[in-house]
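Subject: Structure for you to look at

Hello,

Here is the structure I promised. Please open it first, then read my notes below.

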There are 2 protein chains.
Amino acid sequence: MTNGAVQRRRPPTAQQYVLAELRSAITGGRLRPGEPIRQDALAARLEVSRVPLREALKILEGEGLVEHKVHRGYFVTELSLDDLREVYRIRELLEAEAVRRAAARTDADLLTVLERAQSEVERAGGSGDVTAMADANRRFHFALFDASGMPRLVRLIGTLWDSTDAYRSLYYAEPPNRERVVDEHHAVLDALRAGDTDEALRLLDRHRAHAVTRLERVLGKSR
Amino acid sequence: MTNGAVQRRRPPTAQQYVLAELRSAITGGRLRPGEPIRQDALAARLEVSRVPLREALKILEGEGLVEHKVHRGYFVTELSLDDLREVYRIRELLEAEAVRRAAARTDADLLTVLERAQSEVERAGGSGDVTAMADANRRFHFALFDASGMPRLVRLIGTLWDSTDAYRSLYYAEPPNRERVVDEHHAVLDALRAGDTDEALRLLDRHRAHAVTRLERVLGKSR
DNA sequence: CGGACCCACACTGGATCCAAAATCCGATCC
DNA sequence: GGATCGGATTTTGGATCCAGTGTGGGTCCG
């Protein structure tokens, strides 16, 4: 294994493979901000053609991870600390709306779904499976968002989550953070069961705030 | 001219041409919700290859105008009244944030830029040039948003505007609406000059609310 | 010696071509 | 007669190939 291309198991489609690869390359700093993305070279490195690469880049452009200039190509946009804070601020605004609406129509079914997701979070967290935990965590939060009945809002929030995906795994890599997440979810569930929407919102804001604080520290060190 | 392909003057790049064409086809109802998009046929109709078409579709997917299923293709998502209302609600949340921050740092330069954009709006509005007015209107609002210093937030708002672009021209098509917009902009400028942020926010909310009300009426009739 | 012009190269945008997945439809078996 | 399996067809996903634009360097002229 001398080439730089990382091998993953079972990339379902070349496009998705390239997309995931690019995300981690950008957020991981292997592709540096401002740097132009040479399609030919990168495609060769990832052993795909330029077509799926370009489609993946279009997605990333929509998420704001890269910028595109006609006839000049794609460039990596900086995900600075400010950007990260911005994303979290926007999430705060949008998720508050989603949760407020979801809380208004919370029922037994929703609570069941949330509890199931939560036990999955705990299982994965306990066994130290970081990606499984990130997955289950996402299911937990989005089950709640989905209940808002605002599909476009949920989509938007999803894009925001995507754009900071790589950072999230950084967060889950630390065991104390994993424990904390489990506790916080429980508190949110309690608040929802009690019908205390404001409390749930406050808890979720804290939940995000802690993540951003930790990430600021980690990123501040590495850059 | 017997073929169905619409001819526009000077499409800068095939991709952008296809993108604009698709937007109006979807929002104009020529491509119906739920309908699958046959790439080959559509590409032939627009007289381009499937490559730029697919890239345009990826953009629209990011905006939520179409959905994509692996190996099954793209499908038109419905932009129902509910969706429209959702988009405007999200805009309300995000634009409020942008304007709040922008107002906090309003200065003479910003006011000058806004006034210039506004006189452009009036000129275009007076001469009945709908697209020029829509352009100038956008410049007006985004000059304000830009002043927030939150580039990602501004980008997001931009995407939301894009996703309802075709509807906006519907709104500007009616002369009384054009007059109203001019007046409302003046009021917003006054509030900003006076440093009354809350008033500006209220005015902008009304601005949007009126647009959505009118659009509801128009769409309600045509569908 | 400095600057404008021009040409070759590099890279993107687009078109065409190929492979693989999904669907549709008929034949076969129970 | 109904359900299921299998192959032909359609359609997408991907690879290769071509054209047009932007860029950088070299040259020629002032």
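In this predicted model, a phosphate oxygen of DNA strand D sits 3.1 Å from an N or O atom in the side chain of A:Arg72. That is a polar contact (a pair of N or O atoms within 3.5 Å; within protein, one must be able to donate a hydrogen and the other to accept it, and residues adjacent in sequence count only if both atoms are side-chain atoms). Chain B reaches strand D too: an N or O atom in the side chain of B:His68 is 2.7 Å from a phosphate oxygen. A polar backbone atom of A:Ser49 is 2.6 Å from a phosphate oxygen of DNA strand D.

Two notes on conventions. Residues are numbered from 1 along each chain as its sequence is written, while chains are lettered from A and ligands numbered from 1 in the order in which they are written. The model is predicted, so local features need pLDDT of at least 70, side-chain atom pairs count only at pLDDT 80 or more, and totals for chains, interfaces and linings use all residues; side-chain values use heavy atoms, with hydrogens and water left out.

**DNA strand D**

There are 19 residues around DNA strand D. A residue counts as near if one of its heavy atoms lies within 4 Å. A:Thr13, A:Ala14, A:Ser49, B:Arg50 and B:His68 come nearest. Of the strand D atoms within 4 Å of the protein, 71% belong to sugar or phosphate; the rest belong to bases. Helix 1 (14–27) and helix 3 of chain A, plus helix 3 of chain B, each supply at least two residues of this surface. Helices here are DSSP runs of H or I with at least four residues, strands are runs of E with at least two, and both are numbered from the N terminus. By class, the surface has six nonpolar, eight polar and five charged residues. Nonpolar covers Ala, Val, Leu, Ile, Met, Phe, Trp, Tyr, Cys and Pro; charged covers Asp, Glu, Lys and Arg; the others, Gly among them, are polar.

**DNA strand C**

DNA strand C is also surrounded by 19 residues. The closest are A:Arg50, A:His68, B:Thr13, B:Ala14 and B:Ser49. Sugar or phosphate accounts for 69% of the strand C atoms within 4 Å of the protein. What does A:Arg50 approach on DNA strand C? A polar side-chain atom of A:Arg50 lies 2.9 Å from a base nitrogen. Backbone atoms take part as well. Phosphate oxygens of strand C are 2.7 Å from a polar backbone atom of B:Ser49 and 3.1 Å from one of A:Ile37. Helix 3 (50–63) of chain A, with helix 1 (14–27) and helix 3 (50–63) of chain B, each give at least two residues to the surface.

**Cavities**

The structure holds four cavities of 30 Å³ or more. A cavity is a set of points, on a 1 Å grid over the protein atoms alone, where a 1.4 Å probe fits but cannot get out; lining residues have an atom within 4 Å of a point. Grid points are joined across faces, edges and corners, and a volume is the space filled by probe spheres set on the points.

- The largest has about 170 Å³ of space. Its lining has 16 residues, with A:Arg91, A:Arg168, A:Tyr172, A:His207 and A:Ala211 nearest the centre. Helix 10 of chain A gives the most, five residues. The lining divides into nine nonpolar, three polar and four charged.
- The second largest has about 150 Å³. It is lined by 13 residues, and B:Arg91, B:Arg168, B:Tyr172, B:His207 and B:Ala211 lie nearest its centre. Helix 10 of chain B gives the most, four residues.

**Sheet and salt bridges**

In chain A, three strands form an open antiparallel sheet in the order 1-3-2. The edge strands are strand 1 (36–37) and strand 2; each pairs on one side only. Strands pair if DSSP finds at least two bridges between them. Strands 2 (66–69) and 3 (73–76) share four bridges. Two bridges join strand 1 to strand 3. A:Phe75 stands opposite A:Glu67 and opposite A:Pro36.

There are 38 salt bridges over all chains (a side-chain nitrogen of Lys or Arg within 4 Å of a carboxyl oxygen of Asp or Glu). One joins A:Arg208 and A:Glu95 (2.4 Å, N to O). A:Arg208 is in helix 10 of chain A and A:Glu95 in helix 4, so the pair ties together parts 113 residues apart in sequence.

Best wishes

Methods. 1 Å grid on protein atoms, 1.4 Å probe; cavity = no way out; pocket = protein on both sides within 12 Å on 5 of 7 lines; lining within 4 Å.
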